[in-house]
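Student: Can we go through a model together? I'd like to start with how the helices pack and then look for open space.

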Amino acid sequence: IQFKNEDLNLLKKEFGDNIEYISPRIYKEVQVQYKNESGNYSARAVMPDHQFMENTIIKKGRYINNEDIRNKKRYAVIGRLVEKDIYKNTDALGKFINLNGLAYMVIGVFEDAGGDNEERMIYLPVSTTQLIYKNTDEIDQINLTYNLGIGVDGARQMTKEIETILKEKHFVAKDDLSGLRVNSVFENVEQNMAFA
């Protein structure tokens, strides 16, 4: 299944206020260069809501916003360790960084409690990545959080409904377990509690 922007919009339309945050993700491996420094890093192309789903803490500057998405800006928000590795003892904010041969302006530097791997991540506007790499509206993954007001049972039900809607849209059989996967944090929590 290849997700597209229309799938994201479908979920927004169908579930509206039951969604707290929603963002697509596109995964890229990028060769990063600034002056004489270079390295390989992972990039995620996302929308502004992603900051809150990942608990990304902005240390300097800002995160990607809706204007960046609309205008397909070549902006990057880099992890604290990307700044340390590539910019050494200088401030990355407002400087350009070369990603796979293209210049992006660093608009933010973030910290993440997830550890070193997360702080070696780079966030880009999803619309920019779609334009540059494929000139399509394809996305790799859709992430969302439930509005806490619907409760655990409501979230379980919504998970089932999301799977049903997406399977119907993409002509995946109801009993096909590999055609489309909806992963719910509630299932992970229940599994972890069973082992406690």
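Tutor: We'll take one helix pair, then the largest pocket.

Student: What should I know about the model and its numbering?

Tutor: The model is predicted, so local features need pLDDT of at least 70 and side-chain atom pairs pLDDT 80 or more, while totals for chains, interfaces and linings use all residues. Residues count from 1 along each chain as its sequence is written, and side-chain values use heavy atoms, without hydrogens or water.

Student: At what angle do α1 and α7 cross?

Tutor: Roughly 135 degrees, with the axes of α1 (residues 5–15) and α7 (residues 151–169) coming within 11 Å. That makes α1 oblique to α7 (not under 35, over 145 or 65 to 115 degrees). Helices here are DSSP runs of H or I, at least four residues, and strands are E runs of at least two. Axes are lines fitted to C-alpha atoms over the stretch in contact, with angles from 0 to 180 degrees between N-to-C directions.

Student: Which residues of α1 make the contact?

Tutor: Glu-6, Asp-7, Leu-10, Leu-11, Glu-14 and Phe-15, where contact means heavy atoms within 4.5 Å. Among their partners on α7 are Met-158, Ile-162 and Lys-169.

Student: Now the pocket. Which element gives the largest share of the lining of the largest pocket?

Tutor: β10 (141–146), with six residues. α2 (50–53), α7 and α8 (185–194) each supply at least two.

Student: And which residues lie nearest its centre?

Tutor: Gln-141, Ile-142, Asn-143, Leu-144 and Asn-183, out of 24 lining the largest pocket.

How values were computed: On a 1 Å grid over the protein atoms alone, a cavity is a set of points where a 1.4 Å probe fits but cannot get out, and a pocket is an open set with protein on both sides within 12 Å along at least five of seven lines; lining residues have an atom within 4 Å of a point. Grid points are joined across faces, edges and corners, and a volume is the space filled by probe spheres set on the points.
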